[in-house]
Amino acid sequence: MTDTNRKPPHILYVEDDPNLAFATKDNLELEGYTVEHCENGLIAIEKFNNGRYDLCVLDIMLPELDGILLLNNIIKTLYNTVSGKKIA
């Protein structure tokens, strides 16, 4: 990330393992990324719906709501935003 005029990419990172989450988040931030970490799928949905992210990195096996269902929710939210359509 050499362009100083560009805003760093904002990453939503969802991982329930605290050691892996710390190491990954720390390394991404050292590379210049802005990282918002969530420890479960329900928190991630709330953050996603109230934020703007360039990239989502999701664990599959998460407490509260697994990564597959979280991804489905994200896709539906993005589809609704782009198309203006409502999905039940």
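User: Hi! In what order do the elements of the chain run from the N terminus on?
Analyst: Hello! This is a predicted model, and in it the elements run β-α-β-α-β-α from the N terminus. That comes to three helices and three strands in the chain.

User: Thanks. How are the strands ordered in the sheet, and is the pairing parallel or antiparallel?
Analyst: The order is S2-S1-S3 in an open sheet, with parallel pairing. Strand S2 (34–38) and strand S3 (55–58) stand at the edges with a single partner strand each, so one side of each has no neighbour in the sheet. From one strand to the next, the twist averages 20 degrees.

User: And how many bridges are there between S1 and S3?
Analyst: Four bridges, in the parallel sense. Leu 12 stands opposite Cys 56 in S3.

User: Switching topic: which residues form the largest nonpolar core?
Analyst: That core has 11 residues, including Leu 12, Val 14, Phe 48, Tyr 53 and Ile 74. Strand S1 (10–14), helix H2 (41–50) and helix H3 (67–83) each supply at least two of its residues.

User: Which element gives the most to this core?
Analyst: H2 does, with three residues.

User: What does Phe 48 touch, leaving out residues up to four places away in sequence?
Analyst: Phe 48 touches Leu 12, Tyr 53, Cys 56, Ile 74, Thr 77 and Leu 78. Leu 12, Tyr 53 and Ile 74 belong to the core along with Phe 48.

User: Last one: how much area does the chain expose?
Analyst: About 6,300 Å², with carbon and sulfur atoms supplying 54% of it. Buried residues make up 23% of the 88 residues in the chain.

Note on methods:
Residues are numbered from 1 along each chain as its sequence is written. This is a predicted model: local features need pLDDT of at least 70, side-chain atom pairs count only at pLDDT 80 or more; totals for chains, interfaces and linings use all residues. Side-chain values use heavy atoms; hydrogens and water are left out. A nonpolar core is a set of buried Ala, Val, Leu, Ile, Met, Phe, Trp, Tyr and Cys residues joined through side-chain atoms within 4.5 Å. Buried means under 20% relative accessible area, exposed over 50%, partly exposed in between (1.4 Å probe, protein chains only). Contact means heavy atoms within 4.5 Å. Two strands pair if DSSP finds at least two bridges between them. Axes are lines fitted to C-alpha atoms, for helices over the stretch in contact, and angles run from 0 to 180 degrees between N-to-C directions. Accessible areas come from the Shrake-Rupley method with a 1.4 Å probe; for residues, only the protein chains shown count as cover.
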